[in-house]
Amino acid sequence: MAFANGQAFLLLAVLFSSMFSIGLANHDFNWGPITWNKTNCPYSHPPNATQTSNKFIIGGSKNWHYGFNYMDWARNNGPFFVNDTLVFKYDPPNVNGTGFPHSVYLFSNYRSFIKCDFRRAKRIADPSEGAGEGFEFVLKKMQTYYFGCGEHKGIHCKTGNMKFAVMPLKHWRF
C-alpha cells in the first residue's frame, strides 16, 4: 500500500513539474480571447520608458451617471497605472432643484465599498465639480482605490451601480 502511494506521489510530482516547465517555456501563450494591449500588459512585454500617464473619462461618453455599470467599465478600460488621471464628468444640480446630483467619494476599505457605507468615506468631489471639464483624480500610489457616488444617502452607489475600484500598476523602469 505504501509503495502504491509513493508511486502516485511520484507520478503527480513528475506531471506537475512537466506542466510547470511547459508553462514557463510558453510564457507568451494567448489564453483565449484576452484583449490586453501588448504595450500596456503588465504580464507581457514591458512598455517603453517614454510612456506617459493617461487620462480616463469615467464611463467614457456616458460619463458618471445612475444605472451604468462602472465595475465593467473599469475592467474593460484597464490596466491603470500610477499617475494616470481619472476624470469624473457629471451634470451639476439644476437651479430649480430638478435632476439628480452626483458626487465622488473615496472609500477607506473594501468592506465599506461593498456595502456602500459612507461613514468613513472621504468626499473628493461635490455635486458642482463634475461640470465642464470634470473633476480630475490622479492615482498617486500603487494601492486599491474605491470610488462611489454618495448622493441620496448612498442609493446611487447601492442600486445605481455608481461605484468601482481600480488598482494602478507601476510602470516598468529600465
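Me: How many disulfides does this structure come to by the distance rule?

Reply: The count is 1 disulfide. Keep in mind that we're looking at a predicted model.

Me: What makes C116 and C157 a disulfide?

Reply: Their sulfur atoms are 2.0 Å apart, and the cut-off is within 2.5 Å, so the pair qualifies. The C116–C157 link is left-handed, with -75 degrees about the S-S bond. C116 sits in the loop between α3 (110-115) and β4, while C157 belongs to helix α4, 41 residues apart. Both C116 and C157 are buried.

Me: Why is C149 in no disulfide?

Reply: The nearest cysteine sulfur, that of C157, is 8.0 Å away from it, and a disulfide needs the sulfur atoms within 2.5 Å, so C149 stays out.

Me: Is C149 buried or exposed, and how do you know?

Reply: C149 has 0% relative accessibility. Buried means under 20%, so C149 counts as buried.

Me: On to charges. Why is the contact of E136 and K55 called a salt bridge?

Reply: The closest N and O atoms of E136 and K55 are 2.7 Å apart, and the rule asks for within 4 Å, so the pair counts. E136 is in strand β5 and K55 in strand β1, 81 residues apart. In total, the rule gives 4 salt bridges.

Me: What makes K55 exposed but E136 partly exposed?

Reply: K55 comes to 56% relative accessibility, and exposed means over 50%, so K55 is exposed. E136 has 40%, which lies between 20% and 50%, so E136 is partly exposed.

Me: How do you know that R119 and D117 form a salt bridge?

Reply: Their side chains meet at 2.7 Å, N to O, and that fits the limit of within 4 Å, so this one counts too. R119 is exposed at 72% relative accessibility, whereas D117 is buried at 18%.

Me: And what makes E151 and R123 a salt bridge?

Reply: The closest N and O atoms here are 3.0 Å apart; the cut-off is within 4 Å, so E151 and R123 qualify. E151 lies in the loop between β6 (145-148) and α4 (155-158), and R123 in strand β4 (residues 122-125), 28 residues apart. E151 is buried at 13% relative accessibility, while R123 is partly exposed at 41%.

Me: Now the rings. Why is the pair F56 and F80 called edge-to-face?

Reply: The planes of F56 and F80 stand at 70 degrees, and edge-to-face means over 60, so the name fits. Their centres are 4.7 Å apart, and ring pairs need centres within 6.5 Å, so F56 and F80 do pair. F56 is in strand β1 and F80 in the loop between α2 (70-77) and β2, 24 residues apart. Both count as buried, F56 at 14% relative accessibility and F80 at 4%.

Me: Why is the pair F88 and F135 called tilted?

Reply: The planes of F88 and F135 are at 40 degrees, neither under 30 nor over 60, so the pair is tilted. The ring centres are 6.3 Å apart. F88 lies in strand β2 and F135 in strand β5, so the pair ties together parts that are 47 residues apart in sequence.

Me: Which residues do ring pairs link into a cluster?

Reply: Among them are F56, F80, F88 and F135, along with W64 and W73. The structure holds 20 aromatic pairs.

Me: How do you know that β2 and β5 pair?

Reply: 4 bridges join strand β2 (residues 85-88) to β5, and pairing takes at least two, so they pair. They run antiparallel, and one of the partnerships is T85 with V138.

Me: What makes β1 and β5 edge strands?

Reply: Each has a single partner strand, so one side of each is left without a neighbour in the sheet. The order is β1-β2-β5, in an open sheet with mixed pairing.

Me: Which strands stand at the edges of the sheet β4-β3-β6-β7?

Reply: β4 and β7 (163-166) do, because each has a single partner strand. This open sheet of 4 strands has antiparallel pairing.

How values were computed:
Residues numbered from 1 in each chain as written. Predicted model: local features only at pLDDT ≥ 70, side-chain atom pairs only at ≥ 80, totals over all residues. Heavy atoms only, no water. Buried < 20%, exposed > 50% of the residue type's maximum accessible area, 1.4 Å probe, protein only. Phe/Tyr/Trp six-rings, centres within 6.5 Å; stacked < 30°, edge-to-face > 60°.
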